[in-house]
Amino acid sequence: MGGSSPCASCKLLRRRCAKDCIFAPYFPSDDPQKFAMVHKVFGASNVSKMLQEIPVHQRADAVSSLVYEANARVRDPVYGCVGAISYLQSQVSQLQMQLAVAQTEILCIQMQQENNPLQTTSSASQMDIQDDKSLLLSCNNLNLIPQYLGFASSSNAIQDPLKRESLWT
Amino acid sequence: MMPGGGRCAACKYLRRRCPSDCIFSHYFPANDPQRFVCVHKIYGASNVAKMLQQLPANLQAEAADSLSFEARHRVEDPVYGCVGIIHRLHEQIHNAETQLARTQAQLSVFISTRID
């Protein structure tokens, strides 16, 4: 950081902050906790090595995701981020089930209507059956969600880490 | 030390003797060397040892598994690691909620236009 104050990393590591310090753009001195977390979980030299292997234009995102993972690990030393993944997967499964129930109800009603055409008003008979079939096909794509793991979770509500207004610092 | 006297994957990789109370031996068996390679690359052996030692023994296996999972995904995706998975799951939840709302709205129309 040249003549200005050292970055948060160099302050914590008690060393001179070089002009080309790899941490300086991402760990400003006004947020010491950010580097402290990352250093605690990953270690400064590992973070430095990881950043060096990443193109410069992607390093900010890499740092943000490392900070997210470090915070998650400090909050939940057993499961870290994996707890969040487990929780979100269970949410997806619940939604799939609800969708399947709703789709089945529609199918049942459609079958009833096909068997008893006089049981509907004219607006329902104009329902586009093709729309429902493509809805079913698109809904079935949810079954392609890969199961990432089968861990138990100790996390509560989890925000999307890549929504800039949430957990990115 | 592993049952049978061999070294665990960690001690093999670190080229050291595997003591009988090695913190790694239960969670980094010799038959899966890549598992320790990943956690060592991302966290470092001493960080992993510290994190495991701070946990009760009955939770160390789960912690080792989750650290391995995160390390493996960080090696595969050095920019986002497993945070990329979290983002994709959020997107899938958003899409699923939208489709569910549409389906339930259609269901309401079906029900309301049915003559009993």
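This passage walks through how two protein chains meet in a predicted model, and what lies inside them.

A few ground rules come first: the model is predicted, so local features need pLDDT of at least 70 and side-chain atom pairs count only at pLDDT 80 or more, while totals for chains, interfaces and linings use all residues. Residues are numbered from 1 along each chain as its sequence is written, chains are lettered from A and ligands numbered from 1 in the order in which they are written, and side-chain values use heavy atoms, with hydrogens and water left out.

Chain A is a helical affair, with seven helices and zero strands (helices are DSSP runs of H or I with at least four residues, strands are runs of E with at least two, and both are numbered from the N terminus). Along the sequence, the pattern of chain A reads α-α-α-α-α-α-α. Chain A has 169 residues, and 44% of them count as buried. Here buried means under 20% relative accessible area, exposed means over 50%, and partly exposed is anything in between, using a 1.4 Å probe and protein chains only. Among the contacts in chain A between residues at least 6 apart in sequence, 58% join residues at least 24 apart; a contact means heavy atoms within 4.5 Å.

Now for the meeting of the two chains. On the chain B side, 45 residues are in contact with 62 residues of chain A. The size of an interface is often given as the accessible area lost when the parts come together. For chain B and chain A, that buried area is about 4,900 Å², with 67% of it on carbon and sulfur atoms; the value is the accessible area (1.4 Å probe) lost on putting the two parts together, summed over both.

Between the two chains there are twelve residue pairs in polar contact, both residues being at pLDDT 80 or more. A polar contact is a pair of N or O atoms within 3.5 Å; within protein, one must be able to donate a hydrogen and the other to accept it, and residues adjacent in sequence count only if both atoms are side-chain atoms. On the side of chain B that touches chain A, the elements giving two or more residues are α2 (33-42), α3 (45-53), α4 (57-76) and α5 (83-113) of chain B. The largest share, 22 residues, comes from α5(B). Sorted by class, this side of chain B has 24 nonpolar, twelve polar and nine charged residues. In this sorting, Ala, Val, Leu, Ile, Met, Phe, Trp, Tyr, Cys and Pro are nonpolar, Asp, Glu, Lys and Arg are charged, and the others, Gly among them, are polar.

As for α3(B), its buried residues are B:A45, B:N47, B:V48, B:A49, B:M51 and B:L52. They pack against helices from both chains: α2 (32-41) and α4 of chain A, together with α2 and α4 of chain B.

Salt bridges come next, each being a side-chain nitrogen of Lys or Arg within 4 Å of a carboxyl oxygen of Asp or Glu. The whole structure has five over all chains, and three salt bridges are found across the interface of chain B and chain A. One salt bridge joins B:R74 to A:E69, with the closest N and O atoms 2.9 Å apart. This pair runs from helix α4 of chain B to helix α4 of chain A, and both B:R74 and A:E69 are buried.

Another salt bridge links A:E53 and B:K41 at 3.8 Å, N to O. That pair also crosses between chains, from the loop between α3 (44-52) and α4 (56-75) of chain A to helix α2 of chain B. A:E53 is exposed at 57% relative accessibility, while B:K41 is partly exposed at 43%.

Within chain B, B:E76 and B:R72 meet in a salt bridge of 3.7 Å, N to O. The two sit about one helical turn apart, because they are four residues apart in helix α4 of chain B. B:E76 is exposed at 54%, and B:R72 is partly exposed at 39%.

Finally, the structure holds eight aromatic pairs over all chains. Rings of Phe, Tyr and Trp (its six-membered ring) pair if their centres lie within 6.5 Å; planes under 30 degrees apart are stacked, over 60 edge-to-face, and the rest tilted. With centres 5.1 Å apart and planes at 75 degrees, A:F27 and A:F35 are therefore edge-to-face. A:F27 is buried at 1%, and A:F35 is buried at 0%. In chain B, B:F28 and B:F36 form an edge-to-face pair, 5.5 Å centre to centre with 80 degrees between the planes. Both B:F28 and B:F36 are buried, and they belong to one aromatic cluster with B:Y13 and B:F24.
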